[in-house]
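Open the model in your viewer and keep the selection box handy. We will move from stop to stop, with a note on what to look for at each one.

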Amino acid sequence: MGSLEVERTTTGWAARDSSGILSPYTYTLRNTGPEDVYVKVLSCGICHSDLHQVKNDLGMSNYPMVPGHEVVGEVLEVGSDVTKFRVGDVVGVGLLVGCCRSCNPCKTDNEQYCNKKIWSYNDTYSDGKPTQGGFAGELVADQKFVVKIPDGMAWEQAAPLLCAGVTVYSPLKHFGLNVSGLRGGILGLGGVGHMGVKIAKAMGHHVTVISSSDRKKEEALEHVGADEFLVSSDATKMQEAADSLDYIIDTVPVVHPLEPYLSLLRLDGKLILMGVIGAPLQFVSPMVMLGRKTITGSFVGSMKETEEMLEFCKEKGLTSMIEVVKMDYVNTAFERLEKNDVRYRFVVDVAGSNLNP
């Protein structure tokens with residue numbers, strides 16, 4: 001289909017300042033270019049990084065800002081050169097909507113590490129216009145950054161996989177940890193952490209959830225499916241668990257000591273950082289030297305890995321544990337997320353919401 005002549009508008013819910021309070025905001029969308037997909041948003045997950053962005057915690061926020069990067073929608077129109085999608089397809093859009101396509105990361109299917117990547121919101125396109133996210137009625141995205149949601153996967157279940165799911169899947173695959181028989185640790189049982197348990201278990205791992213208190217013990221073992229639960233403040237149990245894990249996925253988004261967790265790793269074990277933390281973390285070098293241990297990081301995943309992860313979750317029957325809310329509840333949802341009062345991901349039913357009350 002060709003582009004529409006009249007510039008189209010949509011209504012989203014935007015933060016106007018660092019209070020982070022969202023309210024209706026109408027703005028223009030670009031017309032459907034040759035490589036573009038025009039999407040009606042059905043649902044959108046709420047990620048902890050959305051909270052950081054709307055409140056300007058990282059000092060880089062631009063307003064008005066429509067957040068949301070775990071977007072599931074229905075294709076309304078495709079550009080003339082779009083080959084992967086057709087009208088009516090259910091698709092996903094994640095954290096990125098652009099990259100340079102010429103650097104080494106882009107050429108090796110690691111576009112999430114492109115230095116010129118374009119974020120799905122709080123960024124600008126190459127023409128200088130701002131990007132806006134999935135807390136909106138519609139969006140337009142380049143087909144490269146759109147994925148097909150597998151048939152039979154519920155919209156609201158698919159949404160968190162586009163960030164939380166692939167954030168865990170990518171490092172497990174990249175570091176060769178996607179083999180059965182490993183012992184893994186998940187530090188922090190939130191949106192990313194609970195998907196970490198589910199994906200690692202589906203890969204055949206023995207999984208220990210590590211938390212600062214035993215408050216989530218029953219949830220971790222009974223509901224999420226972990227094998228063991230370890231309280232990091234229990235010195236005796238931590239000592240007993242020393243040198244027992246092949247890797248730890250660290251999802252904690254605030255400053256915390258690394259040494260207690262490094263001690264849990266076996267020879268050549270990996271501590272994989274995923275929490276966005278704006279202050280330095282500390283450790284003493286013998287903790288990594290005397291065990292050839294690695295402290296590394298990982299950032300979401302490539303489009304190729306996102307497609308693989310969605311198929312993996314469908315094949316294994318994996319679902320995220322969610323609470324579905326309407327858009328008029330979104331500010332309360334952010335308040336609750338800040339207090340970790342969600343099990344384990346809010347998903348906004350965008351299509352079922354009145355965006356302009």
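Select helix 3 and look at Leu-161, where the helix bends by about 50°; the bend is the angle between axes fitted to the seven residues ending there and the seven starting there. Helices (H or I, at least four residues) and strands (E, at least two) are DSSP runs, numbered from the N terminus. This is a predicted model, in which local features need pLDDT of at least 70 and side-chain atom pairs count only at pLDDT 80 or more, while totals for chains, interfaces and linings use all residues. Residues are numbered from 1 along each chain as its sequence is written, and side-chain values use heavy atoms, with hydrogens and water left out.

Stay on helix 3 and try the distance tool. Its end C-alpha atoms are 27 Å apart, which agrees with the 28 Å that its 20 residues should span at 1.5 Å a residue (the expected span is 1.5 Å times one less than the number of residues). Colour by accessibility next: 16 of the 20 residues of helix 3 are buried, meaning under 20% relative accessible area, with exposed over 50% and partly exposed in between (1.4 Å probe, protein chains only). Just past the helix, Gly-176 has a positive phi of about 70°.

Now for the cavity. How many cavities of 30 Å³ or more are there? The count is 1. On a 1 Å grid over the protein atoms alone, a cavity is a set of points where a 1.4 Å probe fits but cannot get out, and lining residues have an atom within 4 Å of a point. The largest cavity holds about 100 Å³; grid points are joined across faces, edges and corners, and the volume is the space filled by probe spheres set on the points. Select Gly-94, Leu-95, Leu-96, Leu-162, Val-166, Val-300, Gly-301, Met-303 and Thr-306 to show its lining. Helix 3 and helix 9 (303-316) each supply at least two of these residues.

Next, select strand 8, residues 138-142, where 5 of 5 residues are buried. Glu-138, Val-140 and Asp-142 sit on one side, and Leu-139 and Ala-141 on the other. Add strand 3 (residues 36-46), which pairs with strand 8 in the antiparallel sense over 5 bridges; pairing requires at least two DSSP bridges between the strands. One bridge to pick out joins Lys-40 to Glu-138.

Finish at Ser-18, in the loop between strand 1 (8-15) and strand 2 (22-29). Ser-18 counts as partly exposed because its relative accessibility is 43%.

Terms used
On a 1 Å grid over the protein atoms alone, a cavity is a set of points where a 1.4 Å probe fits but cannot get out, and a pocket is an open set with protein on both sides within 12 Å along at least five of seven lines; lining residues have an atom within 4 Å of a point.
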